[in-house]
Amino acid sequence: MNQRTERATKSGRRVGVFGGTFDPPHIGHLVAAIDAQQELDLDVVLLVVANVPWQKLGQREISSAEDRLAMVRAAVDDRPGIEVSEAEIARGGHSYTADTLAGMRADRPADDLFVILGNDAAAGFATWERHEEVAELATLVVVDRPGTPTPIDDGFDWTRIDIPELEISSTELRQRVSEGRSIDYLTPPAVVTCIAERGLYV
Ligand code: ATP
Ligand code: MG
């Protein structure tokens, strides 16, 4: 039994919680998830697909939870250590990370939880519903996205991990699809197929 398995057995798993709208998922998300997993020695990183991303309401039309879940499943495939969580979709309603973490804590009290955020999301952390509860239940991990450095709320303890800064966003992928431009290599081939089959973003 290696050290990590031994620790995991004794004290629960180390679990990364990487939430998002994932409309669509792209390699920026996947590289962040994989690097967080390796850097922090996490047993698993959960890509938690938001049911209703309430902070994005009214800004644009959001693909259905079902479509976004299918794309995230296609993106992850069976890569060990990265899993898709349907917890927020199953719960329904607006998606609050505080509820998601509370549910995980109730299910597996011994797990160590790590919430992973891009710096843009971290900058808005104080606007999250019951964010103090999030900070109590999990270690906050921030990864940088390219662009102007975004100040993050220094009222909280952030763990920063270095990842390759990939200047990719779902917004850009949606735009490219709508213009008939390729998204090959910006997201795994299975996601490209899923988008085409479901006729998304056209
Ligand atoms: P949109 O452009 O629609 O806002 P997005 O690319 O920002 O999409 P989200 O689903 O909004 O993706 O983001 C989910 C999480 O992933 C957030 O914490 C966000 O900061 C992070 N993230 C998104 N893209 C990257 C990237 N290229 N590198 C690192 N983190 C990222
Ligand atoms: Mg975003």
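**Working through aromatic pairs and a helix**

Phe125 and Phe156 are both buried. Keep in mind that the model is predicted.

**Exercise 1.** Work out how the rings of Trp54 and Tyr96 are arranged and what the pair links.

Solution. Start with the count: there are five aromatic pairs in the structure. For Trp54 and Tyr96, the ring centres are 5.4 Å apart and the planes sit at 70°; planes over 60 degrees apart count as edge-to-face, so that's what this pair is. Next, place the partners: Trp54 is in the loop between β2 (44-49) and α3 (65-76), while Tyr96 is in the loop between α4 (87-91) and α5 (97-107), so distant parts of the chain, 42 residues apart, get linked. Finally, check accessibility: Trp54 is partly exposed at 25% relative accessible area, whereas Tyr96, at 19%, is buried.

**Exercise 2.** Do the same for Phe125 and Phe156, then find the cluster they belong to.

Solution. The centres lie 5.0 Å apart with planes at 90°, so this pair is edge-to-face. Phe125 comes from the loop between α6 (119-123) and α7 (131-137), and Phe156 from the loop between β5 (139-143) and β6 (158-161), so the pair ties together parts 31 residues apart in sequence. Ring pairs also bring in Trp128 and Trp158, giving a cluster of Phe125, Trp128, Phe156 and Trp158.

**Exercise 3.** Test the length of helix α2 (residues 27-39) against its expected span.

Solution. With 13 residues at 1.5 Å a residue, α2 should span 18 Å. The end C-alpha atoms are 18 Å apart, which agrees. Its buried residues are Gly28, His29, Leu30, Ala32, Ala33, Ala36 and Gln37. Just past α2, Asp41 has a positive phi of about 55°.

Definitions and conventions: Residues numbered from 1 in each chain as written. Chains lettered and ligands numbered in written order. Predicted model: local features only at pLDDT ≥ 70, side-chain atom pairs only at ≥ 80, totals over all residues. Heavy atoms only, no water. Helix = DSSP H or I, 4+ residues; strand = E, 2+ residues; numbered from the N terminus. Expected span 1.5 Å × (residues − 1). Buried < 20%, exposed > 50% of the residue type's maximum accessible area, 1.4 Å probe, protein only. Phe/Tyr/Trp six-rings, centres within 6.5 Å; stacked < 30°, edge-to-face > 60°.
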